[in-house]
Amino acid sequence: MVSKIGFIVNPIAGMGGRVGLKGTDGVLHKALELGAKPVAPMKAEETLKAFLSNYSSKDEIQWFTCSGEMGADILNNVRIKKIKIIYTNAEKNTVSEDTKRACEKLLENKVDLILFCGGDGTARDIFEIVGNKIPLLGIPSGVKMHSGVFGISTGATAKMLHEFISKTLTIGEAEIMDLDEELYRKGEWNIRLFGIAKGIVEPTYVQVGKTVYESVSDDEVKDELTEHIIDEIEKYKNYLFLFGSGGTIDYIAKKMNIYNTLLGIDAVYNKKCIGKDLNEEKILNLLKKYPKTKVILSPIGAQGFILGRGNLQLSPKVIKKIGIDNIIVISTPSKLASTPVIRVDSGDKKLDRLFTKKEFMMVVIGYRLSRVVRIQTNNF
Amino acid sequence: MKRNPTAFLKETYDELVKNSFDWKLRILETGSSPHSIVEGKKVIMLCSNNYLNLSNHPRLIKESIEAAKKYGAGSGSVRAIAGTMKLHMDVEKRLAKFKRTESSLIYQTGFAANAGLIPQLAGKGDIIISDELNHGSIIDGVRLTKADRAVFKHRDMGELEKVLIDADKKYNRILVITDGVFSMDGDIAPMDEIVKLAKKYGAMTYADDAHGEGVIGDDGRGIGAHFHIEGKIDVEMGTFSKAYGVVGGLIAGSQDLVNFALNKSRTWLLSGSHPPAVAGAQLAAIDVLETEPKHVKNLWSNTNYFKKELVSMGFDTGESETPITPVMVGESSKAKKLSDRLFDEGVFALPIIFPMVARDKARIRTMMNAGLTKSDLDFMLDKFEKLGKKLGII
């Protein structure tokens, strides 16, 4: 079968890193002045070379790409022949607009996967156009790579591409995260959750015969997690439950017919939503009324943060008030497979130390089933 | 509603066949012997659990026949009603003595022991803590409970303690379950440490020693003897189907455990008891283990030689500490190929592939037999070397 792979390179991604900038979004000229060198084309080439030499796939691939340094040049360099140029960029310095226009074309061409090279900014540009219609796989090359769509290295990305084509890996959720520019302009550095894209994940398997395992869909696992959360809510009747952000928690809330904000924090009492998309202040007010509270969190992004990325509302003040023993962490096993530790960057050293002391957390991975996962509190 | 109520039977099977996940039963034309005839081909058996070759031991065969002659072909009932013969009680008494525990109980199979007893040991408000690589029968036993379940990383005592600390605060009963010898890697659970940790946090311990019974510990007394902690593991569960060369599950522990288990395990209460021939052979197996130490000794000298030679050829045998020696191959397709070629060359060993083991850890699982001679081992080693080189494994 012919696989249709979209291929986009953001040639300027990663240039800010070595000159101390937090990305190239809008500061390219400054990066160039500071002597930044292109990184992305090299990383993209490395990935493709690894893919071609290690994973000779019987399946044919039709590549869809952009002209020049946004794709075609690199494919030509590694002697890939089956190329269709679907977008020609207008200006010399590639900007996010080019990426977005190219993605519109990839959508039209119904590609199976978009392989891109860049950082969080590029992932966000692509996500803005394709949403969760096409799975994304990122070759890590940016300065910020918090989104869950990136491979951990060029070699690992090549392997994932091969395993996607040979159908060993499956499609799952991946968060798109990036710097919150609004806060950044105010001098605050915060990584925000922008949306839930499709990424490539290791399936969850259960043993059904002696040597036969069946992969279980993410939804089946999430159904189990829903049952678990329902039990918890029934067990702790007089507790307020804060539902964190992300796709897994959103699925659970929807299954329970409770309103939920995908990218925000909501409050649930007695299986009803009593507070939507709450900010820190609103949460603190609720905590005054409901001194007994539990918060449900799920690891977010490539590094598996449960606090400190994408949920600034859960400030140190909030978490201290709730108590770290009242945090329920849930995750699908396939997500844990890509983030074997869970990370905390609460923004408060004392609070971080409490997590460091705790060392491990019981993460719920199925109905009444949990596993021990190490907590890491270093700043990333 | 109009439906074909049984269409799924064929559909499911066809799907299994399509993905090569169906079991293709290999028919033995001899008994399970070190040299067997499988599908018309003479092979060295390297994938049976008959570690000590006791299934072919004259005393077991004789006692089996004698018992059948004396007591008949069947037992007539479940144990609880009218199916407990003196012979069954004798086996349990002898087994407890052999295992150096206060008491013991025989189940119909090892699976019946796990599926019957585990759900009775923990329920709502309790927690079962399980090694991530535990056997499927434990997992099924655990699934039948209303207890919470927590999984710790394979043999990781640091993680186990963290779960215990957490569990100590939240639950009534705590049960730690582990395989004794792990069937895929042949490594051994650090049972002494598990017992120590469990004691510290008031937890019960349960070891499924199916692959350790008759293999580890002095004269094959199992994991309790291996760590010199006989009687300290709350439930030592095992089987007569592997090294003992017969069939049946077993538990060994306190009299309280046995009284509880036989009154509560539904599998035990609701299945017929072993036929006299089985019980006779079980008794003889214990007898042989107590009086003929050569079998266990042979098993280990064969294992050590085979393992040493494989490693010197350049094979990776993983973390194995027992007669289960995995020969690491890497990719699943290669492991299948090696297994097929070995069979062609007269060695019967099964591949273990993803997702039973990690994607890059596909292997041939070899299980040593005390009845193999040095020339048998050299014959197999020669085949492994030849094919290993051919397939680029070594």
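Two strands are taken as paired where DSSP finds at least two bridges between them, and this criterion underlies the account of the sheets that follows. The model is a predicted one.

**Sheets of chain B**

In chain B, an open sheet is built from three strands in the order β1-β2-β11, with mixed pairing. Strands β1 (35-38) and β11 (347-348) of chain B lie at the edges and have a single partner strand each, so one side of each is left without a neighbour in the sheet. Between β1(B) and strand β2 (residues 41-45) of chain B there are four bridges, and the two strands run antiparallel. Within that pairing, Val38(B) has Lys41(B) of β2(B) as its bridge partner.

A second group of pairings involves strand β4 (residues 127-131) of chain B, of which five of the five residues are buried. The covering applies to both faces of β4(B), since Ile127(B), Ile129(B) and Asp131(B) on one side are buried, as are Ile128(B) and Ser130(B) on the other. Strand β4(B) pairs in the parallel sense with strand β5 (residues 148-152) of chain B over five bridges, and here the bridge partner of Asp131(B) is Phe152(B) of β5(B). Helix α5 (residues 136-143) of chain B belongs with these two strands, for β4(B), α5 and β5(B) together make a right-handed β-α-β unit. Strand β4(B) is also joined by four bridges to strand β6 (residues 174-179) of chain B, again running parallel, and in this pairing Ile129(B) stands opposite Val176(B) of β6(B).

**Domains of the two chains**

The domain assignments and the separations of the C-alpha centres are set out below.

| Chain | Domain 1 | Domain 2 | Distance between C-alpha centres |
|---|---|---|---|
| A | residues 3-201 | residues 217-376 | 30 Å |
| B | residues 18-47 + 301-390 | residues 58-291 | 28 Å |

In chain B, the contact between the domains brings 13 residues of domain 1 together with ten residues of domain 2. On the side of domain 1 of chain B that touches domain 2, the largest share, three residues, is supplied by strand β10 (residues 324-330) of chain B. That side of domain 1 of chain B consists of six nonpolar, four polar and three charged residues.

In chain A, the corresponding contact takes 16 residues from domain 1 and 15 residues from domain 2. The elements giving two or more residues to the side of domain 1 of chain A that touches domain 2 are β6 (170-179) and β7 (191-201) of chain A, and the largest share, six residues, comes from β7(A). By residue class, this side of domain 1 of chain A divides into seven nonpolar, six polar and three charged residues.

**Chain A as a whole**

Chain A contains 13 helices and 18 strands, and of its 380 residues 49% are buried. When contacts in chain A between residues at least 6 apart in sequence are considered, 65% of them join residues that are at least 24 apart.

Note on methods:
Residues numbered from 1 in each chain as written. Chains lettered and ligands numbered in written order. Predicted model: local features only at pLDDT ≥ 70, side-chain atom pairs only at ≥ 80, totals over all residues. Domains from an automatic or database assignment. Contact = placed C-beta atoms within 7 Å. Nonpolar A, V, L, I, M, F, W, Y, C, P; charged D, E, K, R; others polar. Buried ≥ 20, exposed ≤ 12 C-beta atoms within 10 Å, placed from the backbone. Right-handed = clockwise from strand over helix to strand, strands pointing away.
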